[in-house]
Each structure stands twice: as C-alpha cells, then as structure tokens.
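Colleague: Could you take a close look at one part of this model with me? I would like to go through it residue by residue.

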Amino acid sequence: MFRSVRKNSKSVPAFSIIEAVVGMAITAIIMGILFVIFSIVTGRMLDFKNQNQLVNDLNRLTYSLNKDIFEQEKMTVYETEIAFNGYAGERVSYQFSDDYILRNSETFVDTFRIKLNRMIMDTVKSKSEQFVFQKIKLNIESNEKEMDLRFYKRVYPNELLQTIRK
C-alpha cells in the first residue's frame, strides 16, 4: 500500500495516484448514498412535522375553547365568529376563515391552521331537564376527513330570564 520514495537516501512512505483515485471514488459513492438517505429522511421529517402540526393545532384549539367556555361569563355566536365576554370586561373572539381559525384576546392573537366546514349552534337540555346548555358543533377537515368537535356552555337561569324579557 505504501511505496517508498527515495530522496537523499531517506525513504518516505506515500500513496500512489491509483490508490488516491480509488479512495476518492469510494468516498464519492458513500457521499452519494448518504445524500439520498438524508433526502429521504428529511422528506419524512417534514411529513411528520406537518401531521404533528395539525394534531398540535387541534389540541390547542380544544384547550383554548374549553378554557374560554368555562372561564368567561357570556358567549355569543355569530355567523363566522364566537365571542366571549369576561366578568371583568375582557373579550376573546374566535374568527373562522376558510383555512384557519384566529383567536383574538387582549394580549395576543393565536392562529390554528384548521379548515372549518361549518359551525352549528344549538340549545340543548340535560337528560334530567334541569340544565340548559349552548352547544357548538364545529365540523372541521382533518387529514382530508371530516370530524366534529362539540363544546357545551351551561346557560344559567338569569341568562334565560334576560333572553325572555327581550
């Protein structure tokens, strides 16, 4: 593998040109294989990230809506918006667009990349008929499949009386 080169009666070990070319060819083949593997792994990681982003957005949306339903005093549903009014006057709204949902509060704006197909608002009673709830059904598209998210907010008697008086 090493050849000795004579120079002033001292031998110096060195590679021949053929050995260097063969070494570079093997290195180039290994680099080509690693590049292909890296491209495949990168593509799969991007697919995983996009799928994970959808699950993350669904989890954040359901958490935020449940939190706002239980912590806010009043909920009003419009055609493309749900608004919550708090006890201290703070306001949180969810605005629905074709490809995303925006949550606006006094402190920040949050974006959920979820496609909303339709929103249905209804009033339902409990089985015992003692309690009344506002039911919101969000029909969303997730991985090209439709799914329903249901949220319930209890309506208290004083709110029912105010509605009857109007």
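Which residues does N117 touch, not counting residues up to four places away in sequence? And once that is clear, please walk me through the salt bridges as well.

Modeller: Happy to, and please keep in mind that this is a predicted model. Leaving out residues up to four places away in sequence, N117 touches N139, I140, E141 and E146. N117 itself sits in strand 8, which covers residues 115-125. Take E146 from that list of contacts: the two residues are 29 apart in sequence, while the C-alpha atoms of N117 and E146 are 8.4 Å apart in space. As for solvent, N117 counts as partly exposed because its relative accessibility is 30%, and the partly exposed class lies between 20% and 50%.

Now to the charged pairs. Side chains of opposite charge can pair when their charged atoms come close. In this model the count comes to 7 salt bridges, and a good one to begin with is the pair R60 and D57, whose closest N and O atoms are 2.4 Å apart. Both residues belong to helix 1 (residues 17-71), and because they are 3 residues apart there, about one helical turn separates them. Their surroundings can be put side by side: D57 is buried, with a relative accessible area of 1%, whereas R60 is partly exposed at 26%.

R60 has another partner too. Its side chain meets that of D110 in a salt bridge, at 2.8 Å from N to O. This pair links distant parts of the chain, since R60 is in helix 1 and D110 is in strand 7 (residues 109-112), 50 residues apart. D110 has a relative accessible area of 16%, so it counts as buried.

Then there is the salt bridge between the side chains of E81 and R91, with 3.2 Å from N to O. E81 lies in strand 4 (residues 81-85) and R91 in strand 5 (residues 91-96), so this pair ties together parts that are 10 residues apart in sequence. Of these partners, E81 is buried at 17% relative accessibility, and R91 is partly exposed with a relative accessible area of 38%. Coming back to R60, salt bridges that share partners join D57, R60 and D110 into one network. In that network, R60 pairs with D57 and also with D110.

Definitions and conventions. Residues are numbered from 1 along each chain as its sequence is written. This is a predicted model: local features need pLDDT of at least 70, side-chain atom pairs count only at pLDDT 80 or more; totals for chains, interfaces and linings use all residues. Side-chain values use heavy atoms; hydrogens and water are left out. Helices (H or I, at least four residues) and strands (E, at least two) are DSSP runs, numbered from the N terminus. Buried means under 20% relative accessible area, exposed over 50%, partly exposed in between (1.4 Å probe, protein chains only). Contact means heavy atoms within 4.5 Å. A salt bridge is a side-chain nitrogen of Lys or Arg within 4 Å of a carboxyl oxygen of Asp or Glu.
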